[in-house]
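Reader: I am new to this structure. Please take one pair of packed helices and walk me through it closely.

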Amino acid sequence: SSSQASREPPPALPPRLQREDEPHRHRIHHSAMQFDAVWASLAFGALGCLLLLACRRRGGKDLPKAMRRLVVVEPNADLALARVVVEEEAPLPVLKRGQVLIKVCAASINPSDYGAWRARSAKGEYPLPTGQECSGVVVATGGGVSTLGLLGRRVAAFPGSGTYADYVACSAWRLVCLPGSVALADACELFINPLTVVAMLLTARAKRATAIIHTGASSALGQMLCKAAPGFGVEVVHVTHRQQHVEMLHRLGATHVLNSSSDSYGAQLDEKIRALRVKLAFDCVAGDSAGALVAKLPPRSTVYAYGRLSSSYLSAIPVIDLIYRGKKVEGFMVTRAFAKLGPLELLKYKPLSQHTGTTKGCGLARTGTHTGTP
């Protein structure tokens, strides 16, 4: 029938004709491959051009020619004698590739900032711009893939220096874009204190410590530690020097709070160390504080010094405890702490907000800020 004939395959070519047709089919296939390769090259070229256009410098058209910034002209161990001035006509930073220009809204004032006011810089470059972290709005980019989509964004940044100014340049890798629910005034201290808290608690966990002592407990960092420690399974003995701070820390949820100015402080500290089996302490006061902790703690304990609120020196450290009882006093710096912990320990870490609930709950109480306009 006709339907059966339509389903029959076409007659095969004789073998001789099949052999003659093969080079022709190979030529067609090769030409098709060349055509696809040309189109792929053109597509990749066009994509590269678009990427180069997207990565070019952006913004900066309506920026002023000069800005204000706070600089140290002459440091002094006595902060009252340090020469710190405001430059009214400082040049704006020149952006490099991968950097952004931030219009500063707020900049935190940390005790670590005082170091530039007290002692001469190792580089010896004066006047010295000051301020380490800030928050603000990106108003220009220096180009590069890392800066894509950052123009106009609200950010928290950690340039490391120069944030006490109207504008500051920062690597795109050293900032965080902020959601609308986070105020710029709160976000200006998103790096130094919170990351130090995380480094302390991860260090305690890595050393299998279930309890630690922390001096300077009423500071912004101390309040963050009070909020974050329960999520890490670490109990904290908070040491402060005023009774109103004791009450404030209890309201934040602290269980163990001691007043170092109390007559019974020594006995109370002994009791807490014994009951909680404390072998780790973080001290930001310096002076006699670290020595007192070394004397109180049991053998093979460690006191980390991370600040100098009362003095630039440690004193009253019992040498016998270091030699015969295996106690240690070490400096603590957040970057070195993370490097020592290593990537495996950091992978176990959950974000601070998961432990505390909200950014506000992390203890972002402002000890001091330089505020701008946005």
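Author: Helix 5 passes helix 6 in a right-handed crossing; right-handed means that the near helix is turned clockwise from the far one by less than a right angle. Helices here are DSSP runs (H or I, at least four residues), strands likewise (E, at least two), numbered from the N terminus. This is a predicted model: local features need pLDDT of at least 70, side-chain atom pairs count only at pLDDT 80 or more, and totals for chains, interfaces and linings use all residues. Residues are numbered from 1 along each chain as its sequence is written, and side-chain values use heavy atoms, with hydrogens and water left out.

Helix 5 spans residues 192–206 and helix 6 residues 220–228. Their axes come within 9 Å and cross at roughly 50 degrees. The axes are lines fitted to C-alpha atoms over the stretch in contact, with angles from 0 to 180 degrees between N-to-C directions. The two helices are therefore oblique to each other. Oblique covers what is left after under 35 degrees (roughly parallel), over 145 (roughly antiparallel) and 65 to 115 (roughly perpendicular).

Now the residues. From helix 5 come N193, P194, T196, V197, M200 and L201. They meet A220, L221, M224, L225 and A228 in helix 6. Contact means heavy atoms within 4.5 Å. The residues of this contact divide into 9 nonpolar, 2 polar and no charged. Nonpolar takes in Ala, Val, Leu, Ile, Met, Phe, Trp, Tyr, Cys and Pro; charged is Asp, Glu, Lys and Arg; the others, Gly among them, are polar.
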